[in-house]
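Morning, everyone. I have one model to go through, and I will keep to what can be read from it.

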Amino acid sequence: MATDYDAPRTRPEDEPANESLEAIQVQRSATTQTAVIDAEDFDTAEGIDLPGADLSHEELTVAVVPEQADEFTCGSCFLVRHRSQLARQKNGTSFCTDCEG
């Protein structure tokens, strides 16, 4: 069925045709709620590490996994990559596809 996009649009019965702008704004402001932000819900400055901060008293809590048999360390970017990303080997040094590409 073809649609005539130039024809005037009709309003649904539940919307009044001549509602004023002020009445619409009053109605929306009565139903709209403002967001309230509780400052206690956010992290305080204690959770932020500033550049140059003394972290000598901090302890490393990350488990380090050794390089697996199907992985290699790129000689250019020094990232541990999967063997599927091996581009070439030269003099015992492996290079990834990102560095060689």
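One definition before the residues: buried means under 20% relative accessible area, exposed means over 50%, and partly exposed is what falls in between. By that scale Arg-88, with a relative accessible area of 32%, is partly exposed. I will come back to Arg-88 when we get to the charged pairs.

Please keep in mind that this is a predicted model.

Overall layout, then. The protein chain has 2 helices and 4 strands. Along the sequence the pattern reads α-β-β-β-β-α. Of the 101 residues in the protein chain, 6% are buried. The accessible surface comes to about 9,800 Å², and carbon and sulfur atoms account for 51% of that. If you take contacts between residues at least 6 apart in sequence, 4% of them join residues at least 24 apart.

Now the strands, starting with β3 and β4. How do these two run relative to each other, parallel or antiparallel? They are antiparallel, and 4 bridges join them. Together β3 and β4 make a hairpin with 2 residues between them. β3 covers 86-90 and β4 covers 93-96, and Asn-91 sits in the loop between the two. The phi of Asn-91 is near 55 degrees, which is a positive value in a residue other than glycine. As background, most residues other than glycine have a negative phi. Asn-91 is also exposed, at 76% relative accessibility.

Staying on the hairpin, look at Ser-94, which is in strand β4. Opposite Ser-94 stands Gln-89. The side chains of Ser-94 and Gln-89 are joined by a polar contact of 3.2 Å. Is Ser-94 buried or exposed? At 10% relative accessibility, Ser-94 counts as buried. Leaving aside residues up to four places away in sequence, Ser-94 touches a list of residues including Phe-72, Thr-73, Cys-74, Gly-75 and Arg-83. Leu-86, Arg-88 and Gln-89 are also among the residues that Ser-94 touches.

There is a second residue with a positive phi to point out, Phe-78. Its phi is near 60 degrees, and again this is a residue other than glycine. Where is Phe-78 found? Phe-78 is in the loop between β1, residues 71-73, and β2, residues 80-82. Phe-78 counts as exposed, with 62% relative accessibility.

Next, the charged pairs. Side chains of opposite charge can pair when their charged atoms come close. How many salt bridges does the structure hold? The count is 2.

One of them is between Arg-81 and Asp-98, with the closest N and O atoms 3.0 Å apart. This pair links distant parts of the chain: Arg-81 is in strand β2 and Asp-98 is in helix α2, residues 97-100, with their positions 17 residues apart in the count. The two partners fall in opposite classes of accessibility: Arg-81 is buried, with a relative accessible area of 14%, whereas Asp-98 is exposed, with a relative accessible area of 54%.

The other salt bridge is between Arg-88 and Glu-100, and here the closest N and O atoms are 2.8 Å apart. This pair also links distant parts of the chain, with Arg-88 in strand β3 and Glu-100 in helix α2, 12 residues apart. Arg-88, as I said at the start, is partly exposed at 32%. Glu-100 is partly exposed as well, with a relative accessible area of 36%.

Last item, the cysteines. How many disulfides does a search of the whole structure find? It finds 0. Why is Cys-96 not in one? The closest cysteine sulfur to that of Cys-96 belongs to Cys-99 and is 3.6 Å away, which is too far for a bond. The cut-off used here is a pair of cysteine sulfur atoms within 2.5 Å. Seen from the other side, Cys-99 is in no disulfide either, and the nearest cysteine sulfur to it is that of Cys-96, at 3.6 Å. As for accessibility, Cys-96 is buried, with a relative accessible area of 0%, while Cys-99 counts as partly exposed at 32%.

To recap the cysteines and the charges: 0 disulfides, and 2 salt bridges. That is what I have; questions are welcome.

Notes
Residues are numbered from 1 along each chain as its sequence is written. This is a predicted model: local features need pLDDT of at least 70, side-chain atom pairs count only at pLDDT 80 or more; totals for chains, interfaces and linings use all residues. Side-chain values use heavy atoms; hydrogens and water are left out. Buried means under 20% relative accessible area, exposed over 50%, partly exposed in between (1.4 Å probe, protein chains only). A salt bridge is a side-chain nitrogen of Lys or Arg within 4 Å of a carboxyl oxygen of Asp or Glu. Two strands pair if DSSP finds at least two bridges between them. A polar contact is a pair of N or O atoms within 3.5 Å; within protein, one must be able to donate a hydrogen and the other to accept it, and residues adjacent in sequence count only if both atoms are side-chain atoms. Contact means heavy atoms within 4.5 Å. Accessible areas come from the Shrake-Rupley method with a 1.4 Å probe; for residues, only the protein chains shown count as cover.
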